[in-house]
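The following exercises concern a ligand site, a sheet and some backbone features. Each task is followed by a solution in steps.

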Amino acid sequence: MRLLMLGGTEFVGRAVAEAALARGWDVTVFHRGRHEPPAGVRSLHGDRTAPDGLAALAGEPGWDAVVDTWSAAPRPVHRAARLLRDRAGRYVYVSSCSVYAWPPAAGYTEDAPLVEGASAEADRTDYARDKRGGELAVLESFGPHRSVLVRAGLILGPYENVGRLPWWLTRIARGGPVLAPGPRELPVQYIDVRDLAEWILGAVERELSGPYNLISPRGHTTMGALLDACVRVTGAAAELRWTAPEVVLDAGIEPWTQLPVWVPPGSDLHDGLHGADVSRALATGLRCRPVTETVAGTWNWLTDIGGTAPRRPDRPPVGLDPALESKALAINSRDD
Ligand SMILES: NC(=O)c1ccc[n+]([C@@H]2O[C@H](COP(=O)([O-])OP(=O)(O)OC[C@H]3O[C@@H](n4cnc5c(N)ncnc54)[C@H](OP(=O)(O)O)[C@@H]3O)[C@@H](O)[C@H]2O)c1
């Protein structure tokens, strides 16, 4: 198999490139050259935002599949898909569940209503429309039977450059009383980046097409199992102080960003971020490793790189200020 990765050197793209190499595929990565590519790939350089940025691809003989992780304005996806439509068998676009009109109802499938106002050739708008615009750009050139739209939910695992699981691991490694947003049994849905990568490669091999919600099944894990795994893997003297959602919110803490992964139960946020139906993905080969493996793999990577996770500059920082955590912990003990 000949694979062209547009991107391929940071988080999701890197995991796809490494998984493809492990399958013995011939992998070319196309990027600007600011990040080191995985050993064993061939690199082509160019800037997708520049008018002639794809020139390095022009003389190439072709690929069985393209995987594209672009997440800004749709226009670069449009340009790449046009250039590659006769030179690649399949175009896999890493999209997002953000393309559904907000808030999607719990249990939403790939048929749920989509955001409106997206365009394949748009300049940057907002994340949801950018991702939907990217999908439209791929569909325009590759049609419905040669396009795979990977609507990922929360992605965790080694190389994570948003900083969500790295923040929890770092916080818990520091030890002491840790604000644990409840309830313990809160269902959590995410996809390990390595499972996402394997599904994508399988989709290429099986010649799949169409949109797929790509996350673990609902309730694959819980907030309690996730944080317990962080305590175990770090070996930290951390005490998880389970705190009622209303106490967390009353302390002025932002779900999802200040306490990564967590959103209050029974909210639109929980339905939208931890409530997708993934029957299609499961029926087409999705396998999800246990949360303990995701946490251990991320911790091993984080300690290997010296404990500081990379952070993409186009996403806001995540994590809770220690003073705000202390405030919420104080309210929690007062209520006990
Ligand atoms: N994180 C989540 O929870 C989540 C959830 C749902 C969906 N998603 C989606 O998952 C994907 C994550 O992708 P990723 O960033 O991890 O992929 P990646 O392919 O590992 O990294 C981005 C790549 O783009 C290259 N690049 C950046 N700007 C470029 C330019 N102007 N021209 C050419 N290449 C350029 C970078 O290399 P150089 O710097 O060397 O150029 C890098 O290789 C996104 O599509 C995101 O929307 C994420």
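Domain bounds, as used below, come from an automatic or database domain assignment. The model is predicted: local features need pLDDT of at least 70, side-chain atom pairs count only at pLDDT 80 or more, and totals for chains, interfaces and linings use all residues. Residues are numbered from 1 along each chain as its sequence is written, and side-chain values use heavy atoms, with hydrogens and water left out.

**Exercise 1. The ligand shell**

Task: Determine which domains contribute at least three residues each to the shell around the ligand.

Solution. Step 1: A residue belongs to the shell if one of its heavy atoms lies within 4 Å of the ligand. By this criterion 32 residues surround the ligand, and the closest are Gly 8, Thr 9, Arg 32, Thr 69 and Tyr 127.
Step 2: Domain 1 (2-152) and domain 2 (161-188 + 219-276 + 291-335) each supply at least three shell residues.
Step 3: Sorted by class, the shell holds nine nonpolar, 14 polar and nine charged residues. Here Ala, Val, Leu, Ile, Met, Phe, Trp, Tyr, Cys and Pro count as nonpolar, Asp, Glu, Lys and Arg as charged, and the others, Gly among them, as polar.

**Exercise 2. Polar pairs and burial**

Task: State how far an oxygen atom of the ligand lies from a backbone N or O atom of Gly 8, and what share of the ligand the protein buries.

Solution. Step 1: A polar contact is a pair of N or O atoms within 3.5 Å. For Gly 8, the distance from a backbone N or O atom to a ligand oxygen is 2.6 Å; for Val 94, the corresponding backbone distance is 3.3 Å.
Step 2: Arg 164 uses its side chain, where an N or O atom is 3.0 Å from an oxygen atom of the ligand.
Step 3: The ligand taken alone exposes 930 Å², of which the protein buries 93% (Shrake-Rupley method, 1.4 Å probe).

**Exercise 3. The sheet**

Task: Give the strand order of the open sheet and identify its edge strands.

Solution. Step 1: Strands are DSSP runs (E, at least two residues), numbered from the N terminus; two of them pair if DSSP finds at least two bridges between them.
Step 2: Seven strands, paired in parallel, follow the order S3-S2-S1-S4-S5-S6-S11. Strand S3 (42-45) and strand S11 (210-214) are the edges, each pairing on one side only.
Step 3: Within the sheet, S5 and strand S6 (residues 147-152) form six parallel bridges, and Ser 96 stands opposite Ala 152 in S6.

**Exercise 4. Backbone exceptions**

Task: Locate two cis peptide bonds.

Solution. Step 1: Most peptide bonds are trans.
Step 2: The bond from Trp 102 to Pro 103 is cis, with omega near -5°, and Pro 103 sits in the loop between S5 and H4.
Step 3: Gly 182 and Pro 183 are also joined by a cis bond, with omega about 0°.

Terms used:
A polar contact is a pair of N or O atoms within 3.5 Å; within protein, one must be able to donate a hydrogen and the other to accept it, and residues adjacent in sequence count only if both atoms are side-chain atoms. Helices (H or I, at least four residues) and strands (E, at least two) are DSSP runs, numbered from the N terminus.
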